[in-house]
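Let's take a walk through a protein together, going from its strands to its ligand and then to its empty spaces. Keep the picture open while you read.

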Amino acid sequence: MTVLDVQSVTKVYGEGAATVHALRGVSLRVQRGEYMAIMGSSGSGKSTLMNILGCLDIPSAGRYLLDGVDVSRLNDRQLALVRNRRIGFVFQSFNLIPRTSALANVELPLAYAGVKAAERRRRARVALDMVGLADRADHEPNQLSGGQQQRVAVARALVTEPALVLADEPTGNLDSRSTEDILGIFDDLHAAGRTILLITHEEDVAARASRLIRLFDGQIASDVQQERVLHEPV
Ligand SMILES: Nc1ncnc2c1ncn2[C@@H]1O[C@H](COP(=O)(O)OP(=O)(O)OP(=O)(O)O)[C@@H](O)[C@H]1O
Ligand SMILES: [Mg+2]
């Protein structure tokens, strides 16, 4: 079943002498349950593509269908709903809210979704437990290591149980041990049938995905299915 259907999408920023053609005709289909890595040099269009896939931005031309729905037909409120209900985002800089407990950070997407306080708390604890941070629920971001902060960010992305997880260099700021923690969580999500798209600059991170596309200058330069390298837990 096709979850993401990208049809000849282009993205142009700016105008006149400042025009940047960030995407030049990208077509891509992603099936439910795929774990796809996106590589490509700086400026090749990776984040631009992910922002469109995550309904954070719109194409200049071409079509993008999410679960068969042309997102260009949705209004801002509907787009916000799609983002909140269907998509979990993880960024390189963890984007946690300072001076706010890990638990409250994880609860936030549920608050936007209108889930009641007790239920929010319960589900946030389950998500924190999933990333191995049940014992850090009351810690604020500045009381957590970088790897732990990213795991809180992953818990926040997962708390709504999104079908689609979009991660833009989630391990870019992490050491090898914390990278392994995050990739282990993604392995579990993949095994549970979630669709995952992960941008990375690291070949060994990309090797964990079941499919790898490489962008070059706003176009897909290669698209290969990968033999999964299975990792033993450390
Ligand atoms: N808001 C914007 N306004 C103008 N140009 C932009 C904007 N966002 C991105 N660009 C340009 O579009 C191109 C693609 O940028 P994008 O952020 O998608 O690259 P990337 O592959 O994610 O790079 P990196 O690996 O450095 O994160 C770049 O040339 C960039 O300068
Ligand atoms: Mg980027």
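Start with one pair of residues: L4 has V30 in strand 2 as its bridge partner. Before we go on, keep in mind that what you're looking at is a predicted model.

**The sheet**

That pair belongs to a longer partnership. Strand 1 covers residues 2–13, and it runs antiparallel to strand 2 with 9 bridges between them. Another spot to find is Y13, which stands opposite V20 in strand 2. The two strands make a hairpin, with 6 residues between them. Look for G14 in that turn: G14 has a positive phi of about 70°.

What holds strands side by side in general? Strands of a sheet pair through backbone hydrogen bonds, and the pairing can be parallel or antiparallel.

Strand 1 has another neighbour too. Strand 4 (residues 61–66) pairs with strand 1 in the antiparallel sense, this time over 5 bridges. Here you can find T10 opposite A61 in strand 4.

Now zoom out. In which order do the strands of this open sheet lie? The order is 2-1-4-5, the sheet has 4 strands, and the pairing is antiparallel. At the edges sit strand 2 and strand 5 (69–70), each of which pairs on one side only.

**A second hairpin**

Further along the chain, strand 9 (residues 211–216) and strand 10 (residues 219–225) also pair up antiparallel, over 6 bridges. Try finding R211, whose bridge partner in strand 10 is Q225. These two strands form a hairpin with 2 residues between them. D217, in the turn, has a positive phi of about 50°.

**Around the ligand**

Next stop: ligand 1. There are 13 residues around it, and the ones that come nearest are S42, G43, K46, S47 and T48. By class, this shell has 3 nonpolar, 8 polar and 2 charged residues.

Which parts of the fold supply at least two residues each to this shell? Strand 2 (20–31) and helix 1 (46–53) do. Helix 1 gives the most, with 3 residues.

Here are some distances from the protein to an oxygen atom of ligand 1:

| Residue | Atom on the protein side | Distance to an oxygen atom of ligand 1 |
|---|---|---|
| G43 | backbone N or O | 2.8 Å |
| G45 | polar backbone atom | 3.0 Å |
| S47 | polar side-chain atom | 2.9 Å |

How much of the ligand does the protein bury? Taken alone, ligand 1 exposes 640 Å², and the protein buries 59% of that.

**Empty spaces**

How do you find a gap in a protein? Rolling a probe the size of a water molecule over the atoms shows where empty space is left.

The largest pocket holds about 430 Å³ of space. It has 17 lining residues, and R83, N84, F89, P109 and Y112 are the closest to its centre. Several elements each supply at least two residues of the lining: helix 2 (76–86), strand 6 (87–91), helix 3 (102–112) and helix 5 (146–158). Helix 2 gives the most, with 5 residues. Sorted by class, the pocket lining has 10 nonpolar, 4 polar and 3 charged residues.

What about cavities? There is 1 cavity of 30 Å³ or more. The largest cavity has a volume of about 40 Å³. Its lining is made up of I52, C55, D57, I58, Y64, V71 and L79. By class, that lining has 6 nonpolar residues, no polar ones and 1 charged.

**Looking back**

So you've now seen a 4-stranded open sheet and a hairpin made by strands 9 and 10. You've also met a ligand with 13 residues around it, a largest pocket of about 430 Å³ and a largest cavity of about 40 Å³.

Definitions and conventions:
Residues are numbered from 1 along each chain as its sequence is written. Chains are lettered from A and ligands numbered from 1 in the order in which they are written. This is a predicted model: local features need pLDDT of at least 70, side-chain atom pairs count only at pLDDT 80 or more; totals for chains, interfaces and linings use all residues. Side-chain values use heavy atoms; hydrogens and water are left out. A residue is near a molecule or strand if one of its heavy atoms lies within 4 Å of it. A polar contact is a pair of N or O atoms within 3.5 Å; within protein, one must be able to donate a hydrogen and the other to accept it, and residues adjacent in sequence count only if both atoms are side-chain atoms. Accessible areas come from the Shrake-Rupley method with a 1.4 Å probe; for residues, only the protein chains shown count as cover. Ala, Val, Leu, Ile, Met, Phe, Trp, Tyr, Cys and Pro count as nonpolar, Asp, Glu, Lys and Arg as charged, and the others, Gly among them, as polar. On a 1 Å grid over the protein atoms alone, a cavity is a set of points where a 1.4 Å probe fits but cannot get out, and a pocket is an open set with protein on both sides within 12 Å along at least five of seven lines; lining residues have an atom within 4 Å of a point. Grid points are joined across faces, edges and corners, and a volume is the space filled by probe spheres set on the points. Two strands pair if DSSP finds at least two bridges between them.
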